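Here is a short tour of one protein model. Take a look at the sequence and the structure before reading on.

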Amino acid sequence: MTGPWTEWDHVLKVDPDKDLVEGETFEDVCATGTDAIEIGGTLDITTEKMQRVVDACAKYDVPLYQEPSNPGVVIESDHLDGYLIPTVFNADSSFWVTGAHKEWVRIDGPLDWERTTTEAYIVLNPEASVAELTEADTEQSADDVASFAAVAEKMFGQEIIYVEYSGMFGDTEKVAAAQDALDDSTLFYGGGIRDYDAAYEMGKHADTIVVGDLLHDEGVDAVRETVEGVNDAHAEQLEAE
Ligand SMILES: CC(C)=CCC/C(C)=C/CC/C(C)=C/CC/C(C)=C/COP(=O)(O)OP(=O)(O)O
Ligand SMILES: O=P(O)(O)OC[C@@H](O)CO
Ligand SMILES: [Mg+2]
């Protein structure tokens with residue numbers, strides 16, 4: 001099974017707990033050229049905040065995905081193309097690998113399986129809320145990261161492997177190592193992409209870059225530059241092939 005993410009170069013992650021830059025609208029957000037919008041964050045997320053973003057983006061044609069940080073914030077909406085559900089491969093407790101998921105299925109199942117896909121996270125910035133929450137073991141060498149990626153694809157059949165540096169620009173060597181370890185899965189990279197050059201640089205290693213805080217801090221023009229950065233990196237790779 002292959003999903004639409006195999007075609008994505010750029011994902012914009014909208015945090016429903018954070019404001020847009022003054023004067024900007026969700027219409028502007030949907031017109032940045034991003035391939036998909038993922039709605040989620042670690043802290044202070046509610047169904048009301050989720051719903052507000054989904055409703056605001058509904059009439060534009062960019063694909064919309066919810067990325068819930070816990071089962072309690074999942075919303076049902078025809079406007080959503082699907083649900084991207086994190087599972088944190090280097091979390092301290094199995095709760096963040098399969099436990100929260102089991103509770104979700106127990107309480108709300110059977111789920112909308114057709115529209116539900118997991119993302120195998122490898123969390124690498126110890127300062128990020130997501131690392132603190134899941135008590136992730138962020139001390140991972142390039143070899144470790146590559147091995148996690150291989151386990152996720154080959155043993156657990158994960159379609160999306162997500163190297164997560166939320167809040168900081170990561171180590172390109174580790175992202176490249178993850179890419180080398182994968183055959184078919186899509187490699188997402190997220191964290192600290194703030195301009196064209198950072199998007200271009202990570203675009204050389206990742207299949208898809210995820211841009212988050214920049215939208216809330218700098219706004220849509222800065223996001224559009226990151227779309228250009230990753231698109232240029234991928235176009236050059238195609239030419240070189
Ligand atoms: C079973 C269900 C429905 C959910 C569980 C999903 C899991 C395992 C969540 C744990 C990891 C997590 C909280 C992912 C949320 C997405 C994410 C990484 C958002 C970015 O987080 P940060 O940038 O660290 O947080 P803030 O921006 O909110 O500070
Ligand atoms: O907010 P930033 O640092 O862009 O990170 C993006 C995303 O990977 C967060 O989950
Ligand atoms: Mg964040």
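In which strand is Y162 found? Y162 is found in strand β6. Keep in mind that this is a predicted model.

## Overall build

The protein holds nine helices and eight strands. Its C-alpha atoms fill a box of roughly 40 × 40 × 35 Å along the principal axes. The radius of gyration is 17 Å, and a compact globule of 241 residues would have one near 18 Å, so the two agree.

Buried residues make up 44% of the 241 residues. Contacts also reach far along the chain. Take those between residues at least 6 apart in sequence: 70% of them join residues at least 24 apart.

## Strand β6

Strand β6 spans residues 160–164. I161 lies in this strand, and so does Y162. Is I161 buried or exposed? I161 counts as buried because it has 29 C-beta neighbours inside 10 Å. Y162 is buried too, with 28 other C-beta atoms within 10 Å.

Both residues have contacts beyond their neighbours within four places in sequence. For I161, these contacts are A120, A149, A152, E153, A178, L182, S185, L187 and F188. For Y162, they are E119, A120, Y121, F188 and G190. A120 and F188 appear in the list for I161 and again in the list for Y162. One further pair involves I161: its C-alpha atom is 6.1 Å from that of Y121, although the two residues are 40 apart along the chain.

## D15 and T42

An unreviewed UniProt entry annotates D15 and T42 as "binding site". These positions are spread over 28 residues of sequence, yet they cluster in space, with a largest C-alpha distance of 8.6 Å.

D15 is in the loop between β1 (10–14) and α1 (26–30). It counts as buried because 20 C-beta neighbours lie inside 10 Å, and 20 or more is the cut-off for buried. Leaving out residues up to four places away in sequence, D15 touches G41, G212 and H216.

T42 is in the loop between β2 (36–39) and α2 (47–57). T42 is partly exposed, with 18 other C-beta atoms within 10 Å. Which residues does T42 touch, not counting those up to four places away in sequence? They are S69, S129, V130 and L133.

## Around ligand 1

Ligand 1 is surrounded by 27 residues, and the closest are G41, T42, S129, V130 and S166. Three elements give two or more residues to this shell: β4 (82–88), α3 (99–108) and α4 (129–134). By class, the shell has 13 nonpolar, eleven polar and three charged residues.

## Around ligand 2

How many residues surround ligand 2? There are 13, and S166, G190, V210, G212 and D213 are the closest. At least two residues of this shell come from β8 (208–211), and at least two from α8 (213–217). The shell divides into four nonpolar, six polar and three charged residues.

The unreviewed UniProt entry also gives a "binding site" annotation to K13, Y162, V163, E164, Y165, S166, G167, G192, G212 and D213. G212 sits in the loop between β8 and α8. G212 is buried, with 23 other C-beta atoms within 10 Å. Its contacts, leaving aside neighbours within four places in sequence, are K13, D15, S166 and G190.

## Backbone exceptions

Most residues other than glycine have a negative phi, and most peptide bonds are trans. A few places here depart from that pattern. Where is there a cis peptide bond? One joins G109 and P110, with omega about -5°. P110 is in the loop between α3 and β5 (116–123).

D44 is not a glycine, but has a positive phi of about 55°. D44 is in the loop between β2 and α2. With 12 other C-beta atoms within 10 Å, D44 is exposed.

E135 is not a glycine either, and has a positive phi of about 45°. E135 is in the loop between α4 and α5 (142–155). It counts as partly exposed, with 15 C-beta neighbours inside 10 Å.

Terms used
Residues are numbered from 1 along each chain as its sequence is written. Chains are lettered from A and ligands numbered from 1 in the order in which they are written. This is a predicted model: local features need pLDDT of at least 70, side-chain atom pairs count only at pLDDT 80 or more; totals for chains, interfaces and linings use all residues. Helices (H or I, at least four residues) and strands (E, at least two) are DSSP runs, numbered from the N terminus. Two residues are in contact if their C-beta atoms, placed from the backbone, lie within 7 Å. The radius of gyration is taken over C-alpha atoms; the globule rule is 2.2 Å times the number of residues to the power 0.38. UniProt positions are given in the numbering used here, feature names are shortened, and annotations may be inferred rather than shown by experiment. A residue is near a molecule or strand if its C-beta atom, placed from the backbone, lies within 6 Å of it. Ala, Val, Leu, Ile, Met, Phe, Trp, Tyr, Cys and Pro count as nonpolar, Asp, Glu, Lys and Arg as charged, and the others, Gly among them, as polar.
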